[in-house]
Amino acid sequence: MAQTFALNIAAWCEKAKDRADLVVRKVALDMGTRVVMRSPVDTGRFRANWQYGVGQPNPAVLEAVDKDGATSIARISAGAATARLGDVIYLSNSLPYALRLEAGWSKQAPAGMVGLTVAEFQAAVNRSAAEARTERP
């Protein structure tokens with residue numbers, strides 16, 4: 001009986017870990033999508049330069065444009081697909097005017113993008129955890 005109990009605990013821990021990884025992935029994609037979609041669009045270059053990084057920011061600067069955000073969100077989604085509990089995830093934009101846009105330089109995003117999204121972090125975690133409870137990892 002002790003052996004069965006130990007196996008049940010091990011299975012529960014593994015299942016909880018998988019769920020935790022799923023929550024991390026969902027939160028990373030949610031936050032990334034929100035930042036991208038809040039980004040002002042003129043040429044689409046700023047929106048195209050949101051990068052996903054693990055352990056350190058991704059400093060890449062692209063010449064691409066992405067007016068609707070689909071390419072950037074797909075890039076973030078691809079990175080988030082392998083996210084795990086304990087990862088330090090970075091969403092960054094290395095264009096030289098990114099800080100000015102965050103500070104309200106654009107009439108399209110006078111309150112910035114990142115700060116607004118960070119303020120919604122706990123709600124994103126709660127929402128993602130609730131979804132993960134009903135989904136299979």
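A polar contact is a pair of N or O atoms within 3.5 Å; within protein, one atom must be able to donate a hydrogen and the other to accept it, and residues adjacent in sequence count only if both atoms are side-chain atoms. The model is predicted, so local features need pLDDT of at least 70 and side-chain atom pairs count only at pLDDT 80 or more, while totals for chains, interfaces and linings use all residues. Residues are numbered from 1 along each chain as its sequence is written, and side-chain values use heavy atoms, with hydrogens and water left out.

**Exercise 1. Describe the setting of T117.**

Step 1. Locate the residue: T117 belongs to helix 5. Helices (H or I, at least four residues) and strands (E, at least two) are DSSP runs, numbered from the N terminus.

Step 2. Decide on burial. Buried means under 20% relative accessible area, exposed over 50%, and partly exposed in between (1.4 Å probe, protein chains only). T117 is buried because its relative accessible area is 2%.

Step 3. List the neighbours. A contact means heavy atoms within 4.5 Å. Leaving aside residues up to four places away in sequence, T117 touches M31, R34, V35 and R38. The side chains of T117 and R38 are joined by a polar contact of 2.9 Å.

**Exercise 2. State the order of elements and the extent of burial in the protein chain.**

Step 1. The protein chain holds six helices and two strands, which run α-α-β-α-β-α-α-α from the N terminus on.

Step 2. Of the 137 residues in the protein chain, 34% are buried.

**Exercise 3. Characterise the largest pocket.**

Step 1. Fix the term. On a 1 Å grid over the protein atoms alone, a pocket is an open set of points where a 1.4 Å probe fits, with protein on both sides within 12 Å along at least five of seven lines; lining residues have an atom within 4 Å of a point.

Step 2. Give the volume, the space filled by probe spheres set on the points, which are joined across faces, edges and corners. For the largest pocket this is about 370 Å³.

Step 3. Identify the lining. It comprises 16 residues, and A28, M31, I89, L91 and F121 lie nearest the centre of the pocket. Two or more lining residues come from each of helix 1 (2-38), strand 2 (89-93), helix 5 (114-119) and helix 6 (121-134). Helix 1 gives the largest share, six residues.
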